[in-house]
Amino acid sequence: MGREFMAATNVFSLFLFLSFSSCKVCFAAATTSSLHEQNLSAQLNPFSPRASLIRYWNKQISNSLPKPLFLLSKASPLSAKDSAILTKLATQHSLSSHLDSFCSLANLFCFFDTEQSVGNHDQDSKFALYSNKRFASYGGSRLSGVDSFKNYSNGLNSVADSFLRYSRDSTGHGETFTNYGNDGNVANASFGNYGSGATGGSGTFNNYDNKVNVPGLRFTTYASDGNDHKLSFSSYSDETNVGAQGFNSYGKKGNGVPSEFIAYSRDSNVLESTFTGYGELGNAANDSFTGYGNSGNTPHNNFKSYGTGANSGIDGFSSYRNGANAGQDSFQSYAKNSNSGKVSFTNYGKTFNPGNDSFTDYGKGSKGRTTIGFRSYSLDRSFVVYNDKGVTFSGYSNASSTPSDNGGSVHKRWVEPGKFFRESMLKQGNVMVMPDISDKMPDRSFLPRSIVSKLPFSTTNLASLKELFQASDNSTMVRVLINALAECERVPSHGETKRCVGSVEDMIDFAVSVLGHNVTVRTTENVEGSKKKVMIGSVEGINGGHVTKSVSCHQSLYPYLLYYCHSVPRVRVYKADIVEPESKEKINVGVAICHIDTSAWGPEHGAFVALGSSPGKIEVCHWIFQNDMTWTIADRA
């Protein structure tokens with residue numbers, strides 16, 4: 001951390017020695033062999049953050065139940081002297097100058113990018129179970145051949161891949177990305193000058209970035225000046241959370257470059273896609289968006305100068321953003337000055353909660369038989385300065401549809417088996433599928449309250465946060481910060497009380513404010529049984545199995561451990577032994593929460609898709625996943 005930090009460390013160590021060498025200090029703390037030896041020594045020091053936390057727990061929690069070791073293990077590992085020095089640096093707003101040491105000592109996750117590189121290559125390659133590489137000028141000027149990326153970067157935290165000038169000027173060269181970056185956390189891939197000047201061949205993206213938290217994809221001058229180089233995106237970014245894709249100068253000046261987006265961003269949460277200069281000045285391009293953004297939550301799509309000056313281009317939007325919740329699309333200068341183009345919007349934006357779409361300079365100045373058709377297109381759309389010749393609106397809705405009006409597309413969504421279930425399944429002897437309950441987040445620790453209380457945490461202080469974590473504009477870190485802040489600053493739902501906490505003390509305070517001082521916290525014991533059939537063993541209803549209220553806390557992606565906690569009224573909470581069906585051996589102890597009142601849930605919620613019902617008609621249960629937790633009133637004092 002530098003001379004300043006080391007000097008302060010020595011001074012503080014001398015202070016501790018002079019102050020306590022003549023007295024005997026004793027401190028009794030709850031410890032266990034499961035905690036690391038180095039953490040044990042920190043607990044025994046009365047000035048360490050963990051010792052302080054245990055004192056705070058004893059003060060705030062009125063019962064004598066065993067302390068939750070899974071929660072205490074997430075407390076800051078800082079020693080007393082390091083905590084004091086870092087607290088002083090935080091007070092002086094100078095932690096940024098010591099970021100490496102701050103992140104290392106406090107067990108933070110501060111760096112999301114890698115710099116590995118794979119250079120030029122002129123042979124067919126298969127990249128299986130591969131991750132975090134930079135491919136510069138890879139496959140350039142290739143004559144035919146296929147590169148295959150299978151199971152690439154799957155299940156990793158902070159995937160950072162870069163494909164620069166990949167397949168540039170190649171002929172008949174194919175690239176296949178299958179199961180790319182799935183189940184990852186913060187996938188960040190950049191495709192610069194990808195396929196530029198390529199002739200023939202194809203690029204295929206199947207199951208790309210599915211179930212990823214904060215995906216960030218950048219396609220810059222992708223297939224620019226390409227000739228009949230087909231690009232296909234299937235099941236792209238499905239079920240992702242707060243992602244951002246950018247397609248800049250995509251297919252620009254391309255000749256017969258067809259692009260297909262099939263089942264793109266289905267069931268995603270606040271996914272944002274930007275198409276800038278897409279297909280600009282292209283010749284006979286054929287782009288198809290099928291099932292794009294369906295059933296998503298607040299998707300934002302921005303088409304700027306899309307197809308501008310194109311010749312005989314054909315664009316099709318079929319079942320685009322159906323069932324989405326309050327999305328927003330912007331088409332600026334779309335097909336402007338194009339010649340003999342054809343654009344078709346079929347079943348566009350048929351949704352129960354209408355969004356806000358804007359068409360500016362749409363088709364303006366186009367020549368020839370430019371045909372723009374809207375069929376079964378819903379309300380709340382704005383058309384400013386569009387070409388009124390050749391634009392047709394067929395079946396334009398004056399009122400938004402309900403989910404049952406859109407052909408049942410909501411019920412065709414895929415929901416992971418076992419993710420939601422009925423309360424009746426929690427009976428001894430029942431066999432059911434357990435979903436993947438494993439934690440995909442990077443390992444991090446809470447900060448001491450003395451430090452976290454001095455750090456900026458709001459969108460109004462984003463500049464200070466960027467400085468603190470040395471985050472450059474448009475970096476993955478900036479997206480991580482913005483996404484977490486947006487969730488924490490979201491207006492609470494009706495009847496909801498919520499708070500984001502960066503210290504265990506703050507979590508205790510929130511739980512106590514909702515439930516009182518006689519509380520306890522639980523989580524599922526381990527991840528055994530994930531993605532398998534399991535048998536339910538003995539079942540215990542918390543609070544006697546009566547309807548109660550709880551506080552559930554879920555991790556958010558952030559440099560330090562951050563939880564989003566919220567009150568959950570009218571629930572029943574259960575603790576159940578998880579048994580291997582064949583051997584009958586107990587492999588886990590699961591904690592499940594059943595929401596009794598679902599009337600305020602949206603009809604598009606995955607629970608109703610999986611269980612085949614609608615809001616308010618059924619209760620919905622789910623397991624508490626690894627490192628998530630639920631607080632309840634304790635059964636005894």
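**Entry 1: a word I need first**

I call a residue buried when its relative accessible area is under 20%, exposed when it is over 50%, and partly exposed in between. I also remind myself that this is a predicted model.

**Entry 2: disulfides**

I looked up the disulfides and found 4 in the structure. Counting the bonded cysteines along the chain, I read their pattern as 1-2, 3-4, 5-6, 7-8.

I began with C103 and C110, whose sulfur atoms lie 2.0 Å apart in a disulfide. Are these two cysteines buried or exposed? Both C103 and C110 turn out to be buried. I noted -95 degrees about the S-S bond, a left-handed link between C103 and C110.

Next I turned to C488 and C500, another disulfide with its sulfur atoms 2.0 Å apart. The link of C488 and C500 is left-handed, at -95 degrees about the S-S bond. I traced C488 to helix 9 (residues 476–489) and C500 to strand 23 (residues 498–501), with the two positions 12 residues apart in the numbering. C488 has a relative accessible area of 15%, so I count C488 as buried. C500 comes to 17%, so C500 goes down as buried too.

Then I checked C553, which a disulfide joins to C565 with an S to S distance of 2.1 Å. Which hand does this link have? The link of C553 and C565 is right-handed, with 115 degrees about the S-S bond. I found C553 in strand 26 (residues 548–556) and C565 in strand 27, 12 residues apart. C553 has 0% relative accessibility and therefore counts as buried. C565 is buried as well, because its relative accessible area is 0%.

**Entry 3: salt bridges**

Side chains of opposite charge can pair when their charged atoms come close. I looked for such pairs here and noted 11 salt bridges in the structure.

I picked E423 and R572, whose side chains meet at 2.6 Å, N to O. This salt bridge links distant parts of the chain, 149 residues apart. I placed E423 in the loop between strand 21 (391–394) and strand 22 (431–434), and R572 in strand 27 (residues 562–579). E423 is at 16% relative accessibility, so I wrote E423 down as buried.

My next pair was R490 and E496, a salt bridge of 3.5 Å from N to O. R490 shows 29% relative accessibility and so counts as partly exposed. E496 is buried, because its relative accessible area is 16%.

I also looked up K586 and D577, a salt bridge in which the closest N and O atoms are 3.9 Å apart. K586 is partly exposed, because its relative accessibility is 49%. D577 stands at 19% and therefore counts as buried. Besides these pairs, I noted a network: R449, R499, D506 and D509 are joined by salt bridges that share partners.

**Entry 4: the second largest pocket**

Last, I turned to open space and noted a volume of about 730 Å³ for the second largest pocket. Which residues are closest to its centre? Of the 25 residues that line the pocket, I wrote down P68, F70, V521, R522 and T523 as the closest. Strand 24 (519–522) and strand 28 (586–595) are the elements that give two or more residues to this lining. Strand 24 gives the most, with 4 residues. I sorted the lining of the second largest pocket by residue type and got 10 nonpolar, 8 polar and 7 charged.

Note on methods:
Residues numbered from 1 in each chain as written. Predicted model: local features only at pLDDT ≥ 70, side-chain atom pairs only at ≥ 80, totals over all residues. Heavy atoms only, no water. 1 Å grid on protein atoms, 1.4 Å probe; cavity = no way out; pocket = protein on both sides within 12 Å on 5 of 7 lines; lining within 4 Å. Points joined across faces, edges and corners; volume = space filled by probe spheres on them. Nonpolar A, V, L, I, M, F, W, Y, C, P; charged D, E, K, R; others polar. Salt bridge = Lys/Arg side-chain N within 4 Å of Asp/Glu carboxyl O. Buried < 20%, exposed > 50% of the residue type's maximum accessible area, 1.4 Å probe, protein only. Disulfide = S-S within 2.5 Å.
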